[in-house]
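Me: I would like to go through this structure with you, one topic at a time. Could we begin with a single residue and its surroundings?

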Amino acid sequence: MDVTKVVIPAAGLGTRFLPITKSVPKEMLPLLEKPAIQYIVEEALAGSLRNIFFITSRGKESLSDYFDASLQLDLLLHEQQQKSKLAVVQELESIRRQANFAYIRQHEPLGLGHAVLMAQPCIGKEYFGVMLPDDIIMGKDSGIGALIRIARQEKASVIAVQEVPASCISSYGIVGIKKQITPNLCQVSQVVEKPNPEDAPSNLAIVGRYILSSKIFASLEEVGSFAEGELQLTEGIAHMIRNGEKVFAYKIPGMRYDVGTPIGWLKAILGIAMQHPYYAKHMASILAELNTANSLLYNSSKAIEHSL
Ligand code: G1P
């Protein structure tokens with residue numbers, strides 16, 4: 001099984017991150033010095049997915065600009081011999097050399113299932129990856145790469161899952177277990193989009209990485225013809241399972257951050273900095289300094305309050 005293509009749906013309006021997303025795509029928000037989308041592309045390439053199809057919408061042009069060459073900037077840095085900055089440009093150059101990027105416009109926000117369906121003409125009859133850029137997964141190895149290995153082994157679709165507490169179940173697609181294969185791998189009996197915790201088939205939440213059979217497209221088309229409002233990818237996967245397709249769920253190792261919300265983004269920056277060879281060295285002193293500064297501020301405002 002050859003898997004070389006990945007669909008990255010990046011057409012969402014980013015309303016959970018307003019007002020910044022009025023003019024900056026949420027995928028371009030920085031996690032330290034790199035935009036969130038670069039972590040996704042690096043994970044895809046580390047998993048040997050070189051053909052990258054972004055689903056975009058109006059206002060997302062900075063994504064294609066970012067991965068494009070910038071002759072003016074390259075020239076300037078070469079002239080000025082700014083070695084450290086050149087290294088950053090070369091990193092992007094290396095991504096450009098390895099990847100083929102294509103951009104597909106989703107004209108209306110009709111849901112994740114509809115976004116994936118837009119890539120059908122580019123995928124053909126192959127297995128392919130889907131990576132949701134709100135989910136940043138930091139592990140030892142490429143998360144999507146691990147899913148590809150399992151898809152090859154089982155010759156079937158695979159979804160990444162992680163256990164979540166009951167209070168978070170209604171924010172995710174949740175899988176039901178048909179057969180436990182190993183402690184981290186099971187065959188899926190059903191998938192339900194954002195159920196109430198009391199109706200959920202398990203606490204295994206889908207975390208934005210999928211390897212899917214191209215049969216998903218027929219399922220999405222069929223489910224979509226009845227759908228009112230948004231078409232969910234989960235509904236297409238549920239339809240494939242009902243049609244007798246095997247789908248597996250793999251408990252993906254690594255730390256997952258939901259960078260689609262300000263709190264998740266803050267956690268991601270702190271978490272990534274703590275693992276970073278350069279920023280980690282500064283984290284303890286930054287936090288200590290902020291703590292002291294905040295407590296001083298707090299105390300002085302108390303003092304002002306008392307003196308009034
Ligand atoms: C989407 C999927 C959901 C999945 C989640 C992971 O939901 O529809 O099944 O669990 O991503 O982040 P969203 O968060 O876009 O509402």
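**Alanine 160 and beyond**

Reply: Leaving out residues up to four places away in sequence, alanine 160 touches Leu147, Ala205, Ile206, Val207, Arg209, Tyr250 and Ile252. Please note that this is a predicted model.

Me: Which strand does alanine 160 lie in?

Reply: Alanine 160 belongs to strand β8, residues 157-163.

Me: Is alanine 160 buried or exposed?

Reply: Alanine 160 has a relative accessible area of 0%. Buried means under 20%, so alanine 160 counts as buried.

Me: How many residues separate alanine 160 from tyrosine 250 in sequence, and what is the C-alpha to C-alpha distance?

Reply: In sequence they are 90 residues apart, while in space their C-alpha atoms are 5.0 Å apart.

Me: Where does tyrosine 250 sit, and which residue stands opposite?

Reply: Tyrosine 250 is in β12, and leucine 185 stands opposite. Strand β12 covers residues 247-251 and pairs with β10 in the antiparallel sense over 3 bridges.

Me: What about β9 and β10: how many bridges join them?

Reply: Strand β9, residues 173-182, is joined to β10 by 8 bridges, and the two run antiparallel. A hairpin through 2 residues connects β9 to β10. Isoleucine 174 has valine 192 of β10 as its bridge partner.

Me: What follows β10, and where is lysine 194 found?

Reply: Lysine 194 is in the loop between β10 (185-193) and β11 (204-212). Its phi is positive, about 45°, although lysine 194 is not a glycine.

Me: Is lysine 194 buried, exposed or partly exposed?

Reply: Lysine 194 has a relative accessible area of 45%. The partly exposed class lies between 20% and 50%, so lysine 194 falls into that class.

Me: Which other residue has a positive phi without being glycine?

Reply: Leucine 32 is one such residue, with phi near 60°. Leucine 32 is found in the loop between β2 and β3 (34-35).

Me: Staying with backbone geometry, where is there a cis peptide bond?

Reply: A cis peptide bond joins leucine 18 and proline 19, with omega about 10°. Proline 19 lies in the loop between β1 (5-9) and β2 (30-31).

Me: What can you tell me about glutamate 27, and where is it found?

Reply: Glutamate 27 is also found in the loop between β1 and β2. Its relative accessible area is 4%, so glutamate 27 is buried.

Me: Which residues is glutamate 27 in contact with, beyond its neighbours within four places in sequence?

Reply: Glutamate 27 is in contact with Ala10, Pro35, Ala36, Ile37, Lys60, Leu63 and Pro133.

Me: Moving on to serine 213: where is it found?

Reply: Serine 213 is in the loop between β11 and α8 (215-226). At 5% relative accessibility, serine 213 counts as buried.

Me: Which residues does serine 213 touch?

Reply: Not counting residues up to four places away in sequence, serine 213 touches Glu126, Tyr127, Phe128, Ser157, Met240 and Glu245.

Me: Now the surface. Which residues form the nonpolar patch?

Reply: The nonpolar patch is formed by Leu266, Leu270, Met274, Ile286, Leu287 and Leu290, and together they have about 530 Å² of accessible area. The elements that give two or more residues to the patch are α10 (262-275) and α11 (280-307).

Me: What about leucine 290: which helix does it lie in?

Reply: Leucine 290 lies in helix α11. Its relative accessible area is 47%, so leucine 290 is partly exposed. Patch residues need over 30% relative accessible area, and leucine 290, at 47%, therefore meets that condition.

Me: Let us zoom out. How many helices and strands does the chain have?

Reply: The protein chain has 11 helices and 13 strands. Its radius of gyration is 22 Å, close to the 19 Å that the globule rule gives for 308 residues, so the chain is as compact as a globular protein of that length.

Me: What does the C-alpha trace span along its principal axes?

Reply: The span is about 70 × 55 × 40 Å.

Me: And what share of the residues is buried?

Reply: Of the 308 residues, 46% count as buried. The chain exposes about 16400 Å², and carbon and sulfur atoms supply 55% of that area.

Me: Finally, what share of the contacts with a separation of 6 or more comes from residues 24 or more positions apart?

Reply: Such residues account for 77% of those contacts.

How values were computed: Residues numbered from 1 in each chain as written. Predicted model: local features only at pLDDT ≥ 70, side-chain atom pairs only at ≥ 80, totals over all residues. Heavy atoms only, no water. Helix = DSSP H or I, 4+ residues; strand = E, 2+ residues; numbered from the N terminus. Buried < 20%, exposed > 50% of the residue type's maximum accessible area, 1.4 Å probe, protein only. Pairing = 2+ DSSP bridges. Patch = residues over 30% accessible without salt bridge, like charges linked within 9 Å, V, L, I, M, F, W, Y side chains within 5 Å. Areas by Shrake-Rupley, 256 points an atom, 1.4 Å probe, with all protein chains shown as cover. Salt bridge = Lys/Arg side-chain N within 4 Å of Asp/Glu carboxyl O. Rg over C-alpha atoms; globule rule 2.2 N^0.38 Å. Contact = heavy atoms within 4.5 Å.
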